[in-house]
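Got the viewer open? Here is a short walk through the model, one selection at a time.

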Amino acid sequence: PEDKKQFGQLILQNNDILLNLINDLLDLSKIEAGYIEFNPIEVDLNNFFTDLYAMFSLRVNPGVELSCEIPDNRRIIIMDPKKLQQILNNYLSNAAKFTQKGSIRFGYKIQDNGVYFYVSDTGIGISEKNKKNVFARFQKLDSYAQGTGLGLSICKAIADAAHGKVGFNSEKGKGSTFWAWLPCEFQTKEKLNINA
């Protein structure tokens, strides 16, 4: 029974990997063919980031501290939450994968008529020679790590389609900060029923 359980878990895990690969390929194909659709709705950023924290707090390695840095004031934006989550999921998944000790911090700030969000970690970092390929397709800086090497190229494609930007800062052995900036509309204080 124990062997059956172990094999069953292995099959499920490999099914998830295969499904993620297929979804990544489909997403990238749609984006490049110009079929990317944005469905903007009201997004409460503080609630959105709090939910992400709850989800990823179970996925970081033991001994790694996860912290969510969000402003005190509530901010509602008009944006496609699925696209926003796709970028942040990729950033946070990579941070969790490559950070064995230390911390992972993520958050957002309002900047230049849009939202700037980031994920900083104290993981393995990226060497100078690999930096130019980070957002390229099928680039895996660690061939033993799980993943397809498509996640960051999808992040860039989504940001480009939304007229936004992506980037990163990293130092080998000291960690990385991946960021994205996406333009968006903001709800007014009147609509939020907040006193000025």
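Helices here are DSSP runs of H or I with at least four residues, strands are E runs of at least two, and both are numbered from the N terminus. Keep in mind that you are looking at a predicted model.

Start with the whole chain in cartoon. Trace it from the N terminus and you pass through α-β-α-β-β-α-β-β-α-β-β-β-α, which comes to five helices and eight strands. Switch on a surface next: about 12,000 Å² is exposed, with 51% of that supplied by carbon and sulfur atoms. Of the 196 residues, 40% count as buried. Take contacts between residues at least 6 apart in sequence, and 73% of them join residues at least 24 apart.

Now select 175-183. This is strand β7, and it is mostly covered, with seven of its nine residues buried.

Which strands pair with β7? Add 114-121 for one of them: that is β5, running antiparallel to β7 over eight bridges. Zoom in on Y118 and you'll find W179 of β7 opposite. Then add 165-171, strand β6, which is also antiparallel to β7, over seven bridges. Here E171 faces G175 of β7 across the pairing. The link from β6 to β7 is a hairpin with three residues between the strands. Click on G173 in that turn: its phi is positive, about 80 degrees.

Time for side chains. Show the aromatic rings; the whole structure holds nine aromatic pairs. Go to F48 and F49, an edge-to-face pair with centres 5.9 Å apart and planes at 65 degrees. Buried or exposed, these two? Both F48 and F49 are buried. Then hop back to the strands and pick Y116 and W179: this pair is stacked, because the ring centres are 5.8 Å apart and the planes meet at 25 degrees, under the 30-degree cut-off for stacking. Y116 belongs to β5 and W179 to β7, so the pair ties together parts 63 residues apart in sequence. Both Y116 and W179 are buried as well.

Leave Y116 on screen and add K109. The charged end of K109 sits over the Y116 ring, 5.3 Å from its centre. For another lysine over a ring, select K83 and F38: K83 lies over the face of F38, 5.6 Å from the ring centre.

Last stop: select F48, F49, F106 and Y108 together. Ring pairs link these four residues into a cluster, and the edge-to-face pair of F48 and F49 you visited earlier is part of the view.

Methods. Residues numbered from 1 in each chain as written. Predicted model: local features only at pLDDT ≥ 70, side-chain atom pairs only at ≥ 80, totals over all residues. Heavy atoms only, no water. Buried < 20%, exposed > 50% of the residue type's maximum accessible area, 1.4 Å probe, protein only. Contact = heavy atoms within 4.5 Å. Areas by Shrake-Rupley, 256 points an atom, 1.4 Å probe, with all protein chains shown as cover. Pairing = 2+ DSSP bridges. Phe/Tyr/Trp six-rings, centres within 6.5 Å; stacked < 30°, edge-to-face > 60°. Lys NZ or Arg CZ within 6 Å of the ring centre and 35° of its normal.
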